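Open your viewer and keep the selection tool at hand. We will make a short tour of two sites.

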There are 2 protein chains.
Amino acid sequence: MSPSGMGVPLVETAPRRRQASVRLLSEPQVSRLSLYRRQLQALPLDSPPTIHSHTLAALCGTSAAHVRRDLMTIGFAGSPVRGYDVEQLIGAIGRQLDAPEGQRAVLVGVGQLGRALLNYFTTRRPHLRLVAAFDIDPEKTGRVIHGCRVWPLAELGEVVREQGITVGVLTVPAEAAQEVADRMVEAGIAGFLNFAPVPLRLPARTFVEEMDITTSMERAAYFARALVGGGRRKDEQRAG
Amino acid sequence: MSPSGMGVPLVETAPRRRQASVRLLSEPQVSRLSLYRRQLQALPLDSPPTIHSHTLAALCGTSAAHVRRDLMTIGFAGSPVRGYDVEQLIGAIGRQLDAPEGQRAVLVGVGQLGRALLNYFTTRRPHLRLVAAFDIDPEKTGRVIHGCRVWPLAELGEVVREQGITVGVLTVPAEAAQEVADRMVEAGIAGFLNFAPVPLRLPARTFVEEMDITTSMERAAYFARALVGGGRRKDEQRAG
DNA sequence: ATTCAGTTGTGAACGGGATCACAGCGTTAC
DNA sequence: GTAACGCTGTGATCCCGTTCACAACTGAAT
Ligand SMILES: NC(=O)c1ccc[n+]([C@@H]2O[C@H](COP(=O)([O-])OP(=O)(O)OC[C@H]3O[C@@H](n4cnc5c(N)ncnc54)[C@H](O)[C@@H]3O)[C@@H](O)[C@H]2O)c1
Ligand SMILES: NC(=O)c1ccc[n+]([C@@H]2O[C@H](COP(=O)([O-])OP(=O)(O)OC[C@H]3O[C@@H](n4cnc5c(N)ncnc54)[C@H](O)[C@@H]3O)[C@@H](O)[C@H]2O)c1
């Protein structure tokens with residue numbers, strides 16, 4: 001479950017299972033690799049051309065062993081003493097994560113959150129771009145927001161198919177989420193970022209990243225209490 | 001790391017370890033319990049007063065065994081045939097997740113994303129409320145946005161201490177995140193929701209939920225490719 | 001009263017991600 | 001040249017969340 005944290009591959013009814021034919025990175029690995037790359041790219045220009053697992057680990061909040069293990073599984077080798085070549089590593093990660101020809105994404109639901117995300121992602125790197133937005137409200141369609149055109153929902157299928165879009169961001173109200181998601185799947189979307197506070201029920205061969213902010217907040221609250229509160233938890237429970 | 005969904009307890013340098021005095025739920029358990037409750041509360045008024053593990057599982061995209069196991073660990077019993085009492089269960093979950101006296105949260109960084117979140121959380125349930133916002137920009141402070149007063153950053157310590165606030169949402173630019181987070185810790189915040197795309201380095205007894213949207217998006221893109229690609233990962237990519 | 005269908009509760013097995021530990025080696029210093 | 005340091009690569013291990021499987025049980029039906 002994922003937003004934080006939590007990643008959620010959803011299959012038809014009960015059991016969750018992802019299966020791919022070839023070598024597939026695990027969900028946490030993809031997350032970490034994505035983070036490694038971002039941190040490497042954010043390195044100051046005058047920093048050395050190689051980096052140690054320790055250093056990268058510190059930048060990413062992991063352990064050095066973890067970093068080495070990850071780089072091992074993508075077959076990237078470093079040199080003792082010098083460490084890993086930063087340029088090369090960025091390239092190697094890209095070769096794992098990015099589609100060679102780039103990938104495009106759409107956003108559905110141009111409300112408060114949708115607009116913030118549009119702004120955020122249209123100023124981002126080009127290998128994964130938000131290229132279209134959709135809304136059901138005629139007030140919102142037709143305009144161009146943050147360089148991204150807003151289409152009527154009815155055009156979804158055509159635009160997605162025409163451009164071979166595979167990734168979708170869902171920021172519609174909870175009540176509409178399942179229905180809209182179904183339409184997106186039908187159009188060809190296979191990877192979802194779902195911000196609606198409702199778990200999507202989608203067919204297999206589909207991946208949903210649940211960005212459940214409410215749940216994440218409750219987690220933060222729970223562990224904040226657990227960590228600072230120290231004691232004070234009752235073990236009393238109730239039943240019918 | 002979590003983002004992505006993923007939960008991230010960060011300790012000083014390398015090793016991550018959470019330790020609490022008493023019985024502590026695991027991170028995924030807290031997420032699921034939070035979700036169970038939300039789904040139960042969203043049940044139609046005319047639905048039966050009890051619910052089976054199957055049904056709840058379907059609503060939450062998990063398995064029945066999982067639900068039973070979770071309810072077992074919080075010591076909540078159901079009856080064969082009838083299932084679990086919905087009212088009682090909602091109460092039992094609350095007794096686990098919520099602070100008896102309620103919990104308050106602050107948000108720092110009233111930008112695009114911050115405003116969206118303010119709007120979202122001030123219309124939410126009362127056991128966990130956003131009670132104050134902070135920004136460094138004098139243009140933004142002094143006003144009341146969505147029922148939430150925006151203070152100058154300088155007031156952070158006082159407000160947090162005065163109201164015993166333990167949870168904080170971070171929506172400042174990446175460059176400012178670490179510094180602001182440090183100030184929040186100093187003021188007494190122990191649970192974080194970090195939307196800045198930078199892993200926070202915080203002392204032990206602190207919990208960070210990394211809401212790394214970029215990473216989540218790359219995960220969705222990666223698995224979308226992996227799943228629809230059907231076989232090849234390298235070149236196999238079709239057009240519309 | 002008795003049977004029966006279907007659900008809960010839970011020990012046990014499983015799987016896989018995180019972590020450990022160390023051998024091997026490249027680099028630098030002298 | 002060579003010694004020594006410290007980092008990488010990786011088998012092995014650990015740990016914990018997930019899943020299985022089934023006995024116990026409840027309520028309904030007859
Ligand atoms: N705002 C936040 O900070 C926040 C935080 C967490 C979760 N969410 C969730 O994200 C979603 C959007 O939140 P928001 O605050 O932007 O709401 P919003 O009401 O501002 O935006 C919703 C948008 O979706 C559009 N819409 C409605 N039905 C649609 C349909 N069937 N097809 C296409 N578009 C449709 C509306 O016209 C509107 O533009 C909600 O599910 C909300 O629960 C929001
Ligand atoms: N907008 C999005 O959809 C989105 C998505 C993912 C992540 N993020 C991240 O969330 C953060 C905020 O994004 P945004 O789009 O709202 O940016 P924004 O520029 O609109 O808002 C940033 C706000 O933080 C305030 N600020 C700056 N420095 C500060 C400081 N030291 N103390 C307190 N406040 C300070 C600014 O005055 C501004 O109001 C960024 O880190 C961004 O990377 C945003």
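## First stop: ligand 1

Select ligand 1. It sits in the second largest pocket. Remember as you look that this is a predicted model.

Now show the helices around the ligand. Helix 5 (112-122) and helix 7 (174-187) of chain A each give two or more residues to the shell around ligand 1, and so does helix 5 (112-122) of chain B. Colour by chain next. Ligand 1 lies between chains A and B.

Which residues come nearest to ligand 1? Select L113(A), D135(A), K140(A), V172(A) and A116(B): of the 24 residues around the ligand, these come nearest.

Colour the shell around ligand 1 by residue class. You should find 17 nonpolar residues, four polar ones and three charged ones.

Time for the polar contacts. Take them one at a time:

- Select I136(A). One of its backbone N or O atoms lies 3.4 Å from a nitrogen atom of ligand 1.
- Select A174(A). A polar backbone atom of this residue is 3.5 Å from an oxygen atom of ligand 1.
- Cross to chain B and select Y120(B). Here the contact comes from the side chain: one of its N or O atoms is 3.5 Å from an oxygen atom of ligand 1.

Switch on the surface. On its own, ligand 1 has 820 Å² of accessible area, and the protein covers 84% of that.

## Second stop: DNA strand C

Hide the ligand and select DNA strand C. Begin with the nearest residues. There are 23 residues around the strand, and S53(B), R69(B), A77(B), G78(B) and Y84(B) come nearest.

Show the helices again. In chain A, helix 1 (27-41) and helix 3 (64-73) each supply at least two residues of the surface near DNA strand C. In chain B, helix 2 (53-60) and helix 3 (64-73) each do so too.

Which parts of the strand lie within 4 Å of the protein? Of the DNA strand C atoms within that distance, 62% belong to sugar or phosphate, and the rest belong to bases.

Zoom in on the side chains:

- Select R32(A). An N or O atom in its side chain is 3.0 Å from a phosphate oxygen of DNA strand C.
- Select H66(A). Its side chain has an N or O atom 3.1 Å from a phosphate oxygen of the strand.
- Select H52(B). A polar atom of this side chain lies 3.5 Å from a sugar or linking oxygen of the strand.

Finish by colouring the surface near DNA strand C by class. It has eight nonpolar, nine polar and six charged residues.

Conventions. Residues are numbered from 1 along each chain as its sequence is written. Chains are lettered from A and ligands numbered from 1 in the order in which they are written. This is a predicted model: local features need pLDDT of at least 70, side-chain atom pairs count only at pLDDT 80 or more; totals for chains, interfaces and linings use all residues. Side-chain values use heavy atoms; hydrogens and water are left out. A residue is near a molecule or strand if one of its heavy atoms lies within 4 Å of it. A polar contact is a pair of N or O atoms within 3.5 Å; within protein, one must be able to donate a hydrogen and the other to accept it, and residues adjacent in sequence count only if both atoms are side-chain atoms. Accessible areas come from the Shrake-Rupley method with a 1.4 Å probe; for residues, only the protein chains shown count as cover. On a 1 Å grid over the protein atoms alone, a cavity is a set of points where a 1.4 Å probe fits but cannot get out, and a pocket is an open set with protein on both sides within 12 Å along at least five of seven lines; lining residues have an atom within 4 Å of a point. A molecule sits in a cavity or pocket if more than half of its atoms lie within 2 Å of its grid points. Helices (H or I, at least four residues) and strands (E, at least two) are DSSP runs, numbered from the N terminus. Ala, Val, Leu, Ile, Met, Phe, Trp, Tyr, Cys and Pro count as nonpolar, Asp, Glu, Lys and Arg as charged, and the others, Gly among them, as polar.
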